[in-house]
Structures are given as C-alpha cells and as structure tokens.
Amino acid sequence: MDESDEDYVATNNGKAVVSDRDSSEDFSDSDSSILGDGVSKRTRSRGRSSGRQTRGGPMQSNLKGNSGGYSWEDEYQRTWDIVKDDDDGVGSLQTLVQTLIESRKKKIMKNPSTPFQRGIIRTMIVIIDGSEVMLERDLRPTRFSMMLSLLQEFILEFFDQNPISQMGIVMMRNGIAIRISDVSGSPQYHIDKIRQLKTKQHNRFEPKGDPSLQNSLELARSLLMYNFNNKVNDTQNSKEILIIFGALFTSDPGNIHKTIDNLVKDDIKIKIIGLAAQVAICEEIVRRTNSSKTSSSYINTNYGVIMNESHFKELLMDCVIPLPVSEDFEKKEKKGVPLIKMGFPSKIQPSVTSNSSINLNLPSICSCHPDEENDASHSKEAGEAGNGTYSSKKVIGYKCPQCLNKVCQLPTICPICGLMLILSTHLARSYHHLVPLEAYKEVPTMEEYESTYCYGCLLKFPSGRKNAQSDDANKIESLTSSRYRCGKCQQDFCIDCDVFIHETLHNCPGCENK
Amino acid sequence: MDAVSETIITDQKPTQPTVDDPSLLTVILDLTPHGWFKIKHHITVQEVTKALLVFLNAHLSLNNSNQVAFIVCSPDGAKFLYPNPGKNFDGIQDNGSSKGETGNKSSNPNLVNTEMYRQFRIVDEAVLEELNEVLKSLSKSNSVNKTRSTLSGALSLALTYTNRMLNLDQSISTTTASAFNATTKSTSGTSNVTSSGSSASAVSTNYTSMLSRILVISANDDDDVKYIPIMNSMFAAQKMRLPIDVAKLGSISSSYLQQASDATNGIYLQVEKPEGLIQTLCTAFFIESSIRPLIILPSNSNVSYRASCFITGKSVDLGYVCSVCLCIMSIIPTDAKCPTCNSHFDKSILNQLQNSVVLSTKRRKIDSNGRDTPPV
Ligand SMILES: [Zn+2]
Ligand SMILES: [Zn+2]
Ligand SMILES: [Zn+2]
Ligand SMILES: [Zn+2]
Ligand SMILES: [Zn+2]
C-alpha cells in the first residue's frame with residue numbers, strides 16, 4: 001500500500017455514495033447490453049417499457065397484463081422484467097442477483113437442527129460396481145472413475161461425521177465379489193485403496209464382466225458379522241451396506257432371496273444408489289432390509305437412482321448421516337444403553353520434526369503389531385502407497401493411559417488391558433450433533449437496521465430503505481435485508497457467515513462471546 | 001487418526017511453493033487477567049503487544065497485499081481490534097488527508113509515530129487504541145467471571161473472517177457490491193487482491209490464492225474452557241487447511257491448544273521465559289504455511305489428547321462414554337442417566353464398571369475373541 005493508494009481511498013470515501021452509484025450503473029448497463037445481444041431481446045425491451053409504466057403501481061399485475069400469449073415464458077422472465085435499467089435503478093440488479101443467490105444458498109443449506117438421538121457407532125460395507133457397464137461414459141470421464149472420486153469424498157465425510165465408525169469396501173467384478181479394503185476406522189487406509197483402483201497401469205481391478213449382487217452381499221454380510229463379534233459394544237452398532245449399482249442385472253450363483261432372508265435376520269440395513277434405472281431386485285432388497293414399519297417413503301430414502309452428477313453426490317452424502325434410531329432400538333433403550341469405558345491416550349512422537357513427511361525413522365515398538373513379519377507382508381500387499389503410510393505411522397505412537405503401553409493406530413482396543421482407546425478429537429467431531437446450532441432467522445426488511453457490519457466477518461451490510469428515495473418504495477433493495485440474526489445472541493450475520501457457521505463451524509461467534 | 005487426516009490434507013494440496021500469494025495473519029491475544037498475573041514477573045501485556053506489533057508489521061512488509069487481523073479475547077468477550085471498519089476508517093481518512101504533516105488527531109493522543117510507514121501506522125494505531133479501551137473496560141468490569149475464557153469466540157470470529165477473506169475472490173457469489181465497497185474501505189490493503197487491478201497479483205487471481213493462518217497468544221492456564229466450541233473451531237480450521245499456531249506463555253501447557261495446533265498442522269510452542277518473545281515470534285511463527293514442509297520446525301511431539309468431562313468440566317484421560325451421544329464423563333452419573341441425551345444406562349454394565357474386576361473379565365473376553373473362534 002503506497003501513497004497513491006492513500007489518495008484513492010480518501011477521495012473514494014469522500015464521495016462514497018456517488019462512486020457507488022456509478023459503479024453499479026456500469027454494472028447493470030453492461031449486463032443489459034449483454035442481454036440485448038442475446039436471445040431475450042424482445043423480453044428486455046418489453047421489460048423496460050413496463051418498468052417505466054409501472055412506477056409506483058403494483059409491478060406484478062402490470063407485467064402479467066403486458067405479457068401476451070406465452071404464459072410459459074412469463075414466470076421464467078419475471079425476474080428480469082423487474083430490473084429497470086433506467087437511471088434510478090441504482091444497484092437494483094446487484095440486489096436482485098444477491099437476493100437470488102442468497103435464497104439459493106439458503107435452500108442448499110441443510111437443516112442442521114434435525115433431531116439426532118442416533119446410534120452413532122456404525123459399521124458400513126460399501127459395495128461398488130466394477131462390472132463392464134461401469135465403463136459407460138454417461139458420467140465423466142467414466143462411471144467408474146466418477147464413482148471412485150465421489151467415494152473418496154464420501155469416505156472423508158463419513159469419518160468426519162461418524163468418528164468411531166468403521167467401513168469396508170467390496171467390489172462386484174466379473175461375477176465375483178472382491179474385498180477392496182478390510183473393515184477399518186481409518187479414512188486414509190480406504191482412500192489409499194481407492195487410489196489403487198484408479199491407477200491406469202497394471203490395474204487388476206479394471207471394470208470387467210458381470211456384477212453379482214448375491215456374492216457381494218454374502219461377502220459384505222460375513223465381513224459385518226465377523227467384525228461385530230469382535231467389538232465390545234455390539235448392542236449399539238448399526239450394520240449397514242451401501243451398494244452403488246451401475247448395472248441393470250445381476251448374475252448370481254444361487255438364490256438371492258435366501259441371501260436377503262439372511263440379511264434381514266442379521267438386521268443389516270441396505271441402501272442402494274442406482275446409476276442407470278430402478279431394478280426390481282434392488283427395490284426388494286431395500287424394502288425387506290429396512291424395517292417395513294416405517295412409512296412408505298422408505299424406497300425414496302434408501303433406494304435412489306441418480307439423475308446427474310450432483311444428484312449422485314447428494315445421494316451419496318445422504319448416507320453420511322447416521323440412521324435414525326429404529327423402533328427396536330427404542331425398546332432396547334428401556335433396558336438401558338451401554339456405558340463404555342474409554343481411554344484418551346497421549347500422542348508420543350520420538351522424532352524432532354513436526355511433520356510426518358520428514359521421517360527420522362526412530363525405532364519404536366508397539367504392542368498392537370508385535371509380529372513385525374506379519375506387518376511387513378501386510379504393507380507389501382497394500383502396495384506402494386500403503387507402504388508409505390504404514391511406515392510413517394510407526395513413528396507416531398499413542399500411550400494407553402491405563403497401562404502406559406504404546407499402540408500405533410487409533411481407534412483401537414488396547415491389546416494389554418482391553419481398554420478402548422480413542423482420540424478425544426474423534427468423539428468431538430460428532431459433538432455438534434449433540435448441540436445443534438439454531439438456524440438464524442432472516443431479519444425482515446426495515447427502514448433502518450441496528451447493525452451495519454456482519455458480526456462474524458465485518459462485511460458491510462447494505463443500508464436500510466430509508467436511504468432510498470420515496471418513489472423507490474418498490475425497489476428491490478427492500479426485498480432482502482441481507483442480515484441473518486441469531487435468536488440467542490441477537491447478532492446479525494451475512495449469508496456467507498450463516499452458511500459457514502452452520503455447515504462448517506457449528507459455533508455461533510456471538511453466543512460464544514456472551 | 002489426526003496424523004492421518006493431516007496426510008490427507010497434504011496429499012490433496014500439491015506442495016508448490018507459490019511465492020507471491022498474499023497471506024492473512026490473524027492474531028488472537030488472550031487477555032484473561034489471571035494468566036497474565038501469574039507471569040507478571042516475566043512479561044506484561046504491554047511488552048507482548050509491542051512484540052506482536054513488530055511481528056504484524058514484519059508480516060505486512062513481506063508482501064504488499066498481505067493482510068492482518070487482530071482479535072483480543074477477555075472475559076468480556078472477543079473483539080476485533082483490527083480491522084475495525086466503523087472506527088478505523090475515519091481515523092485513516094484523517095491521517096490520509098494530513099499525510100506528511102504532523103498527525104493532528106484531536107481526539108486521541110498519538111500512540112504511534114506519525115512518520116511511520118502508513119500501513120504499519122494504521123494497524124498499530126488501531127490495535128493500541130482499541131486495546132487501551134478493552135483494558136479499561138476490563139478493569140472496570142465486575143470480578144465475577146474474571147477467569148472465563150472466550151477463546152472459542154475469538155477462534156470463531158477468526159474463522160468467519162478468514163472464510164470471508166478466502167472466498168472474497170468469488171465475490172459474485174457473495175454480497176457483491178457491499179463486499180467490494182467494504183473491503184476497499186475497511187481493510188484498505190485487501191482491495192489490491194480483489195477489486196482494483198492495481199497490483200500484479202490481481203490479474204491472475206485464482207480462488208484459493210490467499211494463504212492464511214491464526215496465531216494464538218495465551219497465558220491462560222485454566223483448562224476449564226468451553227470444550228465443544230473449541231473443538232468445533234478446530235475441526236473447521238482443519239477443513240479449511242488453516243494452521244493454528246499457538247504461543248503459550250507460562251510454564252503450564254494447555255492441552256486444548258496443543259490439540260488444536262496438532263490437528264491443524266500448526267506450531268505449538270511453550271514459551272516459559274517470554275522475555276524474548278519477539279525473537280520467538282519472528283523465527284518459529286513467521287514461516288508461511290506453504291513453506292513449512294521444507295523447514296524443520298519446533299516439534300509438537302507429545303500431545304496430550306485429553307478430553308473434557310461433560311459433568312465436571314475437568315479434563316480426563318480415562319473416562320466413560322455414552323454410546324448414544326458419545327459424551328464423556330469422568331464419573332458414572334449417580335442417576336444412571338446420560339447428562340446430555342438422557343438415555344438410561346444399562347444396569348448390568350454399570351455394575352460391571354463399578355467393580356474393579358471389570359478389567360480382567362474384559363481382557364479375557366478380548367483375548368478369546370482375538371485368538372479363538374468368535375462366540376456366537
Ligand atoms: Zn502397531
Ligand atoms: Zn492399556
Ligand atoms: Zn459475515
Ligand atoms: Zn448467537
Ligand atoms: Zn448420552
């Protein structure tokens with residue numbers, strides 16, 4: 001920042017209002033010229049004339065009168081018709097765009113304060129389709145690679161929201177089921193495995209052949225059941241399978257209905273995301289494994305067929321949210337839920353660097369992998385990427401607070417004293433479910449507002465209506481206040497802070513300072 | 001696991017040392033009086049502020065479009081000292097028109113030498129002026145909640161502000177006109193990045209060109225903080241790939257700040273003898289996050305991942321966890337009910353836990369599971 005800038009700021013400030021007008025006029029003018037060149041020339045000119053006519057009168061009715069036969073055009077173009085590109089339309093286009101954007105953001109924002117009470121410890125097997133149809137290019141670049149990249153995001157999000165849950169990945173390929181990754185609570189492990197699937201050369205897992213739902217379901221079921229018996233708290237777990245199914249058929253060795261019977265018996269919940277169209281057997285799987293007592297909407301929530309890429313992502317991310325507590329669980333609750341004893345170990349890292357990319361490889365022995373040989377073969381199998389993470393993990397250790405023994409990976413059960421060890425941050429990741437932040441309410445438009453700046457980011461709010469001239473009563477400026485108020489601390493926030501606070505931060509800065 | 005998520009973060013962002021990216025430095029100064037009282041023989045708030053101002057000026061001088069923000073948190077709440085759009089703005093304008101002349105601000109005495117480089121002066125003046133006011137009101141306020149920490153509020157403010165600065169370039173999706181105006185005026189340096197085409201970097205702006213980090217200076221020894229909000233801020237920072245550096249003054253380490261810096265790949269330094277704070281700041285904390293992988297930094301080797309008990313608020317390393325809501329308890333509640341989600345705990349399990357025998361039985365169970373066939 002130098003002297004010349006200083007002058008600029010000073011003058012700009014002196015005539016703040018004027019320059020504001022200028023710039024916004026430029027903006028709207030250029031925009032309308034773009035419009036003029038484009039398709040909707042006719043509409044625009046009509047809009048302009050109507051804008052002139054309707055000064056002071058109710059705009060909407062006049063617009064309707066003006067637009068002749070094309071009723072289907074009407075609704076679509078109304079937003080543009082409102083824009084008056086004459087001289088006193090200062091900032092109106094900007095405000096309009098802003099209103100549209102803000103309302104869209106509001107809509108995108110998930111409702112954060114849904115009731116929770118969920119069995120949070122989940123075990124999920126993701127079955128992915130690796131059959132030939134996954135080479136279709138209706139998703140870019142192919143169905144398969146699109147699925148894998150979305151899956152990576154899903155894994156991160158899943159472990160973010162379900163900190164002490166576990167996941168395993170199974171692939172349907174060439175008529176058989178292949179275990180891609182074991183049931184584990186480490187997102188990095190799964191992501192490494194997914195990366196391997198994506199490699200171009202020497203890929204053993206390129207999509208091929210037919211899918212087999214039965215084989216993969218049986219494998220997933222056995223994975224789930226095996227892992228279940230190992231866990232301390234098996235009453236609380238929810239067993240889930242998520243199938244991403246690209247094909248429209250399944251080639252099974254036996255009777256899949258028997259498999260479904262077993263799944264129902266084992267109380268495993270299945271969700272399916274179809275990439276092409278609905279398949280009857282999928283519908284049946286979903287219907288039978290999700291308790292039929294609930295309302296008829298189960299098909300919609302548990303079996304979805306994607307419409308486009310973003311819908312795919314949406315469906316996938318829906319699976320991140322823990323299942324609501326089932327009725328069976330409510331019954332169990334009368335008996336009482338288990339209380340788990342857990343240890344929160346300290347991290348010990350006998351290296352002198354702060355990041356794990358520079359390893360000094362100080363030798364350290366952990367009690368969870370006493371068999372070095374075994375471990376080495378494991379990491380060999382995991383390939384190069386896996387190897388790197390395995391060796392780097394060795395440097396960092398965690399000390400069991402009960403027996404002071406060292407383990408190398410969390411969460412785990414201490415092999416010496418049987419205590420469940422977990423990073424407290426794992427648990428804390430889900431705490432915002434516990435104390436959901438109340439949604440902010442939009443401040444109604446007023447003549448004058450108490451707040452000038454966003455409390456969170458110091459963004460300047462647009463000023464109230466009183467600054468506008470009297471004949472601008474219908475100005476779009478008054479459509480939105482751009483302020484969103486926390487009901488508890490009465491602080492106003494801008495839309496970006498609102499979205500950020502409710503989706504990422506989960507703290508209200510105002511309430512924290514009260 | 002947190003080491004794991006760090007690896008993920010570094011994986012996604014290729015380490016290309018982009019040299020000229022502007023950087024936002026947010027300093028959070030914890031003014032909780034109790035902690036400062038304890039180290040009063042070593043250093044005062046005044047000296048720390050001096051050191052911080054030098055640090056801020058140094059940061060500003062690195063790159064023309066570098067940004068700073070300064071937040072204090074006291075028992076009265078957290079507050080932005082800089083930028084301060086309402087107040088600061090007028091002050092700058094006064095100074096701007098009277099540049100070269102002697103600073104003739106009638107309202108307040110000259111806290112900073114008027115000959116100083118303008119950008120430094122704006123920041124320094126704003127910080128000092130506001131800080132005086134905060135301290136004044138702090139000394140006036142009643143002593144009921146003198147130990148209350150509002151660090152979580154300060155972190156939240158820092159994050160919302162950083163979020164805005166990071167997303168500013170996509171300003172078509174934010175509050176358009178006002179975003180431009182506000183930044184041009186309030187944080188005068190920002191405008192270089194986004195609106196005006198004056199600086200070279202503005203031509204080739206891409207969305208995530210802004211680097212950012214948070215530095216927390218705290219002397220607060222109380223572990224009695226708001227656990228959940230701090231954790232929430234920590235995860236938000238982690239998601240934004242925003243390192244939280246911590247300079248903890250005094251001899252007692254703060255477990256939560258340690259966790260925060262560890263999880264966000266930041267630097268945690270325990271400054272037991274804070275007399276030479278300026279040196280510590282300008283060495284360890286001066287390094288931009290983009291070049292951190294290349295430099296051997298003070299290590300954060302032993303992090304205590306203690307949790308906070310939901311009932312007593314004390315930190316625990318061995319506790320009980322409700323399996324429905326995952327809240328942590330250091331003691332088994334007497335009414336056998338979860339304090340957070342109100343679910344009743346299983347009586348038999350409670351009995352088991354209350355007996356000391358529980359350890360041996362549990363171990364046997366695990367052993368048989370691990371080595372033999374799992375029981376049906
Ligand atoms: Zn190990
Ligand atoms: Zn142990
Ligand atoms: Zn804001
Ligand atoms: Zn609030
Ligand atoms: Zn609970």
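# Exercises on two zinc sites and a confidence profile

Let's begin with one pair of residues: both A:C457 and A:C497 are buried. Keep in mind that this is a predicted model.

## Exercise 1

Find which residues hold the zinc ion (ligand 3), and work out why the arrangement is tetrahedral.

**Solution**

Step 1. Start with the donors: the SG atoms of A:C454, A:C457, A:C494 and A:C497 lie 2.1 to 2.3 Å from the zinc ion (ligand 3).

Step 2. Look at the angles. Four donors count as tetrahedral if all angles lie between 85 and 135 degrees. Around the zinc ion (ligand 3) the 4 donor atoms subtend angles of 100 to 120°, so the arrangement is tetrahedral.

Step 3. Now read along the chain, where the donor residues show the spacing C-x2-C-x36-C-x2-C. Distant parts of the chain are linked by a pair 40 residues apart: A:C457 sits in the loop between β13 (441–442) and β14 (484–485) of chain A, and A:C497 in helix α18 (residues 495–505) of chain A.

## Exercise 2

Repeat the reasoning for the zinc ion (ligand 4), and decide whether A:C486 is buried or exposed.

**Solution**

Step 1. The protein donors here are the SG atoms of A:C486, A:C489, A:C508 and A:C511, at 2.2 to 2.3 Å from the zinc ion (ligand 4).

Step 2. Their angles run from 105 to 115°, which makes this arrangement tetrahedral.

Step 3. The spacing along the chain is C-x2-C-x18-C-x2-C. A:C486, in the loop between β14 and β15 (492–493) of chain A, and A:C511, in helix α19 (residues 509–512) of chain A, are 25 residues apart and link distant parts of the chain.

Step 4. Buried means under 20% relative accessible area. A:C486 has 5% relative accessibility, so this residue counts as buried.

## Exercise 3

Describe the surroundings of A:Q152: which residues does A:Q152 touch, not counting those up to four places away in sequence?

**Solution**

Step 1. Place the residue: A:Q152 belongs to helix α7 (residues 143–161) of chain A.

Step 2. Its relative accessible area is 16%, so A:Q152 is buried.

Step 3. The residues touched by A:Q152, leaving out those up to four places away in sequence, are A:I191, A:I194, A:R195 and A:K198.

## Exercise 4

Where in chain B is confidence lowest, and where is it highest?

**Solution**

Step 1. For chain B the average pLDDT is 71, and 67% of the residues score at least 70.

Step 2. Confidence is lowest in helix α8 (residues 200–203) of chain B, with a mean of 30, and highest in strand β1 (residues 23–30) of chain B, at 92.

Step 3. Residues 169–207 of chain B have a pLDDT below 50; this stretch makes 75 contacts in the model beyond near neighbours in sequence.

Conventions: Residues numbered from 1 in each chain as written. Chains lettered and ligands numbered in written order. Predicted model: local features only at pLDDT ≥ 70, side-chain atom pairs only at ≥ 80, totals over all residues. Heavy atoms only, no water. Donors = N, O, S within 2.8 Å, 3.2 Å for Na, K, Ca; no water. Tetrahedral: all angles 85-135°; square planar, octahedral: opposite > 155°, others 65-115°. Helix = DSSP H or I, 4+ residues; strand = E, 2+ residues; numbered from the N terminus. Buried < 20%, exposed > 50% of the residue type's maximum accessible area, 1.4 Å probe, protein only. pLDDT = per-residue confidence, 0-100. Contact = heavy atoms within 4.5 Å.
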